[in-house]
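Me: I would like a close look at one part of this model. Please keep the sentences short and build the picture step by step.

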Amino acid sequence: MGSTGTVLRELRGAQKSAKGVSLYSRYVNRPAGRVLAAGACRAGLTPNQVTLISALFTYGAVASVALVEPSWTLAVLVYAALAIGFAFDSADGQLARLTGRGGPDGEWLDHVVDCGKLLLVHTAVLISFYRFGELPSEAWLLLPLGFQLAAVVTFCAGLLREHLGKAAASAQGPSWAATRAAPVSRVRAVALLPADYGVFCLVFLLLGAPGAFRAGYAALAVVHTLFLAAFLAKWFRELKALRAG
C-alpha cells in the first residue's frame, strides 16, 4: 500500500453514495472515518479489528454514563469517545471497500455492534437517571425506554427494508434501481440531521447540567419518534410498490 496521501485518495474513490445521508455523516463522520481508515490500513489492521476498536470506544463511553456521576469532565470524555467510536464505525466499511477484505462476517459484526450500541446507550441513560438524577417525576425513567424503542426499531426496520428491497429487486429491478439512482438532496441531508447518531451524541456534552441534558435528550426522543413514524410509512410504501411492480 502506498503513502497515507495515496490511501486517502483511494478511499475518496471508494465512498458509498451520499444519498439518504445527513450533512453530519457526509461532511464530518465520513471524512474522519476516512482518515482513521487510512491509518488502519497503514497499520495493517483488518476491517473487523477496526469494528472492535469502534466498539471499545463506544461501549466504554456508555459504561461511563451508567457508572460515573455526571460532570462537565465526564460530558467531554463521553462525547469524545462516542464521536471517535462513530468515526471508527465509518472507517471499518471504508477500509473493507479499499482492501477488498470485507465479507458477510464483517457486515454481521458491524450490525451486531451497532445494535448493541443503540440498546446500551439508552439503558445507560436510564441507569444514570435512576442513580444520579434528581428527577421531577419517576415518569422520566420511561423516557430512555421509549427512545430506545424508537432507535432500535428504526435501525432494524431500515436494515430489513434494504435487504428485502434488494431481494425483490432481483426480480423487479427497475423500481429499486430508480430509487437508488435518485439525485442527492441537500434539503434532505439537512432534514436528516436531527436523526443522525453523530448529532445525538452531542447531547452528552450537556451531562454536566442534568436539567439541560434531560431537556435535550427528551427533545431528541420526540424527534426520533417522529422520524420513525415517517420512515416506517415511507419504507412500507416502497416495499409495497416493489411487490406491485
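How are α4 and α5 oriented to each other, roughly parallel or roughly antiparallel? Please take in the residues where they meet and the helix packing around them.

Reply: A word on the model comes first. The structure is predicted. The average pLDDT of the protein chain is 87. At least 70 is the score of 84% of the residues. Confidence is not even along the protein chain. It peaks in helix α3, residues 47-67, with a mean of 97. It is lowest in helix α7, residues 173-180, with a mean of 50.

Now the overall layout. The protein chain has ten helices and zero strands. From the N terminus on, the order of elements reads α-α-α-α-α-α-α-α-α-α. There are 245 residues in the protein chain, and 41% of them are buried. Take the contacts between residues at least 6 apart in sequence. Of these, 81% link residues at least 24 apart.

Next, the pair you asked about. Helix α4 covers residues 72-99, and helix α5 covers residues 104-132. Two numbers describe how a pair of helices packs: the angle between the axes and the distance between them. For α4 and α5, the angle is about 160 degrees. Their axes are 11 Å apart. Angles over 145 degrees count as roughly antiparallel. Therefore α4 and α5 are roughly antiparallel to each other. Their crossing is left-handed.

Which residues of α4 and α5 meet? From α4 come Phe 86, Asp 89 and Asp 92. From α5 come Asp 110, Asp 114 and Lys 117. Sorted by class, this contact has one nonpolar residue, no polar ones and five charged ones.

Let us zoom in on Asp 89. This residue sits in helix α4. Is Asp 89 buried or exposed? Its relative accessibility is 13%, so Asp 89 counts as buried. Set aside residues up to four places away in sequence. Asp 89 then touches Ser 54, Asp 110, Asp 114 and Lys 117. Of these partners, Asp 110, Asp 114 and Lys 117 belong to α5 in the meeting of the two helices. Asp 89 also has a C-alpha atom 6.1 Å from that of Thr 51. Along the chain, Asp 89 and Thr 51 are 38 residues apart.

Phe 86 is another α4 residue in this meeting. It takes part in further contacts. One partner is Tyr 197, in helix α9, residues 197-201. Not counting residues up to four places away in sequence, Tyr 197 touches Thr 58, Leu 82, Phe 86 and Lys 117. So where does Tyr 197 stand on burial? Tyr 197 counts as buried, at 11% relative accessibility. Its C-alpha atom is 9.1 Å from that of Tyr 24, although their positions lie 173 residues apart along the chain.

Ser 25 is a second partner of Phe 86. Ser 25 is found in helix α2, residues 23-43. It is buried too, with a relative accessible area of 12%. Beyond its neighbours within four places in sequence, Ser 25 is in contact with Arg 30, Pro 31, Phe 86 and Asp 196.

Now bring in α3. This helix packs with α4 at an angle of about 165 degrees, and their axes are 8 Å apart. That makes α3 roughly antiparallel to α4. α3 passes α4 in a left-handed crossing. The contact of α3 with α4 holds 17 nonpolar, six polar and two charged residues.

α3 packs with α5 as well. Here the angle is about 10 degrees, and the axes are 8 Å apart. Angles under 35 degrees count as roughly parallel. α3 and α5 are therefore roughly parallel to each other. In their contact there are 16 nonpolar, six polar and four charged residues.

One more residue of α5 deserves a look. Ser 128 lies in this helix. It is buried, at a relative accessible area of 7%. Apart from neighbours within four places in sequence, Ser 128 is in contact with Val 65, Pro 70 and Gly 133.

Back to your question, then. α4 and α5 are roughly antiparallel, and five charged residues and one nonpolar residue form their contact. α3 packs with α4 and also with α5.

How values were computed
Residues numbered from 1 in each chain as written. Predicted model: local features only at pLDDT ≥ 70, side-chain atom pairs only at ≥ 80, totals over all residues. Heavy atoms only, no water. Axes fitted to C-alpha atoms, helices over the stretch in contact; angles between N-to-C directions. Helix = DSSP H or I, 4+ residues; strand = E, 2+ residues; numbered from the N terminus. Parallel < 35°, antiparallel > 145°, perpendicular 65-115°, else oblique. Left-handed = near helix turned anticlockwise from the far one by under 90°. Contact = heavy atoms within 4.5 Å. Nonpolar A, V, L, I, M, F, W, Y, C, P; charged D, E, K, R; others polar. pLDDT = per-residue confidence, 0-100. Buried < 20%, exposed > 50% of the residue type's maximum accessible area, 1.4 Å probe, protein only.
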